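User: I have a new structure open and would like a walk through it. Can we start with the ligand and go on from there?

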Amino acid sequence: PTVGVVRETNDGERRVALVPKMVASLIGKGVDVIVESGAGLAALMPDELYKEAGATIGDAWSADVVLKVAAPSADETARLRAGQKLIGFLAPRTNESGIAALAAAGVEAYAVEAIPRISRAQVMDALSSQANVAGYKAVIVAASESTRYFPMLTTAAGTVKPATVLVLGVGVAGLQALATAKRLGGRVTGYDVRPEVADQVRSVGAQWLDLGIDAAGEGGYARQLTEAEQAQQQQALENAIKSFDVVITTALVPGRPAPRLVTAAAVEGMKPGSVIVDLAGETGGNCELTEPGQVAVKHGVTICSPLNLPATMPEHSSELYSKNLYALIELMLDENGAFAPDFDDEVLAAACVTRKETTA
Ligand code: NAD
């Protein structure tokens, strides 16, 4: 059997679905790897490295399983054939037309976002591996945009107070943001609507902000707030946010527009020179004044909404994503080394978003 590693074509996408390091592991499983020429170039992984690792440079789109980062474009979907397998960030909840096109083409498509959040599947959890990168990088962006230090400094020229950092939404990205801001010397606080997160926040040395709203939903995710809860939350946050130099927002509710946590009034209440990094830009943003993909100064506050931060660290994000895909591929192989996914396995059943229905 073969897997194909194709070149990503989205603007600014620098990741590659499989790094040379993982080629040998797949070959060890009896799987041949075909790489489209230049697939790893933007992640600083030239064809030579893949060849040295045992891959062939060639028509990766013809492989039994095509590995991608982003969902395929219409042109790319047209290159796939019935029965072929595809794995990637296919956005099953929002990319209806793309999924329908894959289904119409008879492609057996696996969306990494649909892998269940159970312990056994943690090694395949690409949402987590990439959210980790985004959470880390968000803090670096904030520090870079800030007109102030993060750490406390005592110098001959005077003493500098540590930056106060508030992270709104403490899932995988938020927790990494807290830990990173702490390492930089900030005084950090975390907030979420899932009370179970409080202990995780404290475990990275951050304070827990309790606003008395419990909106824990299904599968470890948050549910959407009621209108009354949202108004209460916005008001409470408006009061709290005033005392922070940096606010990093990561709040998401699966399949919904990003919850509005930071109102224009809250931004207005912040000290000029403060920074907001809104990681929810892709789904509209957590801050009312966010312009997705832009850096804008409003009321003296710098509001950044970088899109696809994992693509800005393509070496490590690709490496971690490769490990996620390798684990998923391993699960799809039967004892003879053939691709024969067992749909009684809850991970594969959930991840597979289009396939030919078989009658029992
Ligand atoms: P996410 O990206 O869906 O959301 C980010 C955070 O925003 C979440 O913590 C959510 O509670 C929070 N949020 C949503 N609405 C909010 C609001 N109105 N106000 C404040 N916060 C709000 O979440 P995620 O990073 O994907 O993590 C979701 C959960 O899955 C976490 O509990 C995480 O620990 C868990 N998880 C489990 C596994 C596993 O066991 N395999 C792997 C990864 C994550």
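Analyst: This is a predicted model. In the shell around the ligand, helix 5 (126–145) and helix 6 (172–183) each supply at least two residues.

User: Which residues come nearest to the ligand?

Analyst: Gly169, Gly171, Gly220, Ala222 and Ala251 come nearest, out of 30 residues around the ligand.

User: And how many of the shell residues are nonpolar, polar or charged?

Analyst: The shell divides into 18 nonpolar, eight polar and four charged residues.

User: Back to helix 6. Is it mostly covered or exposed, and how many of its residues are buried?

Analyst: Mostly covered: nine of the twelve residues of helix 6 are buried. Among them are Leu175, Gln176, Leu178 and Thr180.

User: What do those buried residues pack against?

Analyst: The buried residues of helix 6 pack against helix 5 and helix 7 (198–203), and also against strand 9 (164–168), strand 10 (187–191) and strand 12.

User: What span should helix 6 have, and what are its ends doing?

Analyst: At 1.5 Å a residue, its twelve residues should span 16 Å. The end C-alpha atoms of helix 6 are 17 Å apart, which agrees.

User: What follows helix 6?

Analyst: Gly185 follows helix 6, and its phi is positive, near 100°.

User: Now the sheets. What is the strand order in the one with strand 12?

Analyst: That is an open sheet of seven strands with mixed pairing, in the order 11-10-9-12-13-15-14. Strand 11 (207–208) and strand 14 each have a single partner strand, so one side of each is left without a neighbour in the sheet.

User: Which strands does helix 5 touch there?

Analyst: Helix 5 packs on the sheet and touches strand 12 (246–249), strand 13 (275–278) and strand 15. The direction of helix 5 makes about 155° with that of strand 13.

User: How do strand 14 and strand 15 pair, parallel or antiparallel?

Analyst: Antiparallel: strand 14 (residues 295–298) and strand 15 (residues 301–304) pair over four bridges. Val295 stands opposite Cys304 in strand 15, and Lys298 has Val301 as its bridge partner.

User: What sits in the turn between them?

Analyst: The two strands form a hairpin with two residues between them. His299 is in the turn and has a positive phi of about 55°.

User: Different topic: what is the order of the sheet with strand 1?

Analyst: This open sheet of seven strands runs 3-2-1-4-5-6-16, with mixed pairing. Strand 3 (56–57) and strand 16 (352–354) stand at its edges with a single partner strand each, so one side of each has no neighbour in the sheet.

User: Which strands pair in the parallel sense?

Analyst: Strand 1 (residues 2–5) and strand 4 (residues 65–70) are one such pair, over three bridges. Val3 has Val65 as its bridge partner in strand 4. Strand 5 and strand 6 also pair in the parallel sense, over four bridges, and there Lys85 has Glu108 as its bridge partner in strand 6.

User: Where do the residues of strand 6 point?

Analyst: Glu108 and Tyr110 point one way from strand 6, Ala109 and Ala111 the other way, and all are buried. In a regular strand, side chains alternate between the two faces of the sheet.

User: Which helix lies across strand 6?

Analyst: Helix 4 (residues 96–104) lies across strand 5 (85–89), strand 6 (108–111) and strand 16. Helix 4 runs at about 80° to strand 16.

Conventions:
Residues are numbered from 1 along each chain as its sequence is written. This is a predicted model: local features need pLDDT of at least 70, side-chain atom pairs count only at pLDDT 80 or more; totals for chains, interfaces and linings use all residues. A residue is near a molecule or strand if its C-beta atom, placed from the backbone, lies within 6 Å of it. Ala, Val, Leu, Ile, Met, Phe, Trp, Tyr, Cys and Pro count as nonpolar, Asp, Glu, Lys and Arg as charged, and the others, Gly among them, as polar. Two strands pair if DSSP finds at least two bridges between them. Two residues are in contact if their C-beta atoms, placed from the backbone, lie within 7 Å. Axes are lines fitted to C-alpha atoms, for helices over the stretch in contact, and angles run from 0 to 180 degrees between N-to-C directions. The expected span of a helix is 1.5 Å times one less than its number of residues. A residue is buried if 20 or more other C-beta atoms lie within 10 Å of its own, exposed if 12 or fewer, and partly exposed in between; C-beta atoms are placed from the backbone.
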